[in-house]
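Biologist: Please take one part of this model and go through it closely. I want its setting in the whole chain, then the residues around it.

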Amino acid sequence: PEAFLVVTSTTGMGELPDNLQPLYYAIRDQLPAWHGLPGGVIGLGDSSYGDTFCGGGEQVRELFGELGVREVLPMLRLDASETITPETDAEPWLAEFAAALKG
């Protein structure tokens, strides 16, 4: 890949959702040579859960560290207790992410 963008929610006690876990574990177990690959994470969560807020996104960021993926922007944390339009709220971040990939 030329870049790696992950958008994930958080479930349970800060875990990745069930439908993302197979991909996450396949990548983690194979550890592809992605050192220096640009990447980004959008984490969806609810800040009322305290320490586990956007925990799924944090897990992906840890995997990025293991793979050597270079985060081109800090993780975008979208808080379900503050927004009802996460898709719209993510648009400025996505535009900045795309611009960083071109630059």
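Modeller: What follows sets the scene with the whole chain, then closes in on one strand and its surroundings.

This is a predicted model, so the ground rules come with it: local features need pLDDT of at least 70, side-chain atom pairs count only at pLDDT 80 or more, and totals for chains, interfaces and linings use all residues. Numbering starts from 1 along each chain as its sequence is written, and side-chain values use heavy atoms, with hydrogens and water left out.

The setting first. The protein has three helices and four strands. Helices here are DSSP runs of H or I with at least four residues, strands are runs of E with at least two, and both are numbered from the N terminus. The order from the N terminus is β-α-β-α-β-β-α. The radius of gyration is 14 Å, close to the 13 Å of the globule rule for 103 residues, so the protein is as compact as a globular protein of that length. That radius is taken over C-alpha atoms, and the rule is 2.2 Å times the number of residues to the power 0.38. Along the principal axes, the C-alpha atoms fill a box of roughly 35 × 30 × 20 Å.

Now burial and contacts. Of the 103 residues, 37% are buried. Buried means under 20% relative accessible area, exposed means over 50%, and partly exposed lies in between, with a 1.4 Å probe and protein chains only. Among contacts with a separation of 6 or more, 74% link residues 24 or more positions apart. A contact is a pair of heavy atoms within 4.5 Å.

The part to look at is strand 1, residues 4–8. In a regular strand the side chains alternate between the two faces of the sheet. Strand 1 shows that alternation: Phe4, Val6 and Thr8 point to one face and are buried. Leu5 and Val7 point to the other face and are not buried.

Next, the partner. Strand 1 runs parallel to strand 2 (residues 38–45), and five bridges join them. Pairing of two strands requires at least two DSSP bridges between them. Phenylalanine 4 has glycine 39 of strand 2 as its bridge partner. Valine 7 stands opposite isoleucine 42 in strand 2. Strand 2 is mostly covered, with seven of its eight residues buried.

Threonine 8 deserves a stop. This strand 1 residue has a relative accessible area of 2% and is buried. Leaving out residues up to four places away in sequence, threonine 8 touches Leu16, Pro17, Leu20, Ile42, Gly43, Leu44, Gly56, Gly57 and Val60. Ile42, one of these, is the residue that stands opposite valine 7.

Follow the contact to glycine 57. That residue sits in helix 2, residues 55–67. Its relative accessibility is 0%, so glycine 57 counts as buried. With the same sequence filter of four places, glycine 57 touches Thr8, Thr10, Val41 and Met75. Serine 81 is another matter: 24 residues along the chain from glycine 57, with 17 Å between the C-alpha atoms.

Thr10 is the next stop. Threonine 10 lies in the loop between strand 1 and helix 1. At 21% relative accessibility, threonine 10 is partly exposed. Beyond its neighbours within four places, threonine 10 is in contact with Glu15, Leu44, Thr52, Cys54, Gly55, Gly56 and Gly57. Leu44, Gly56 and Gly57 are also on the list for threonine 8. Glutamine 59 is 49 residues from threonine 10 along the chain, yet their C-alpha atoms are separated by 9.7 Å.

Cys54, from the threonine 10 list, has a backbone point to check. Its phi is near 60°, a positive value in a residue other than glycine. Cysteine 54 sits in the loop between strand 2 and helix 2. At 0% relative accessibility, cysteine 54 counts as buried.

Leucine 31 also has a positive phi in a residue other than glycine, near 45°. Its place is the loop between helix 1 (21–30) and strand 2. Leucine 31 is partly exposed, at 45% relative accessibility.

To recap: strand 1 pairs with strand 2 through five bridges, and threonine 8 has contacts that include Ile42 and Gly57.
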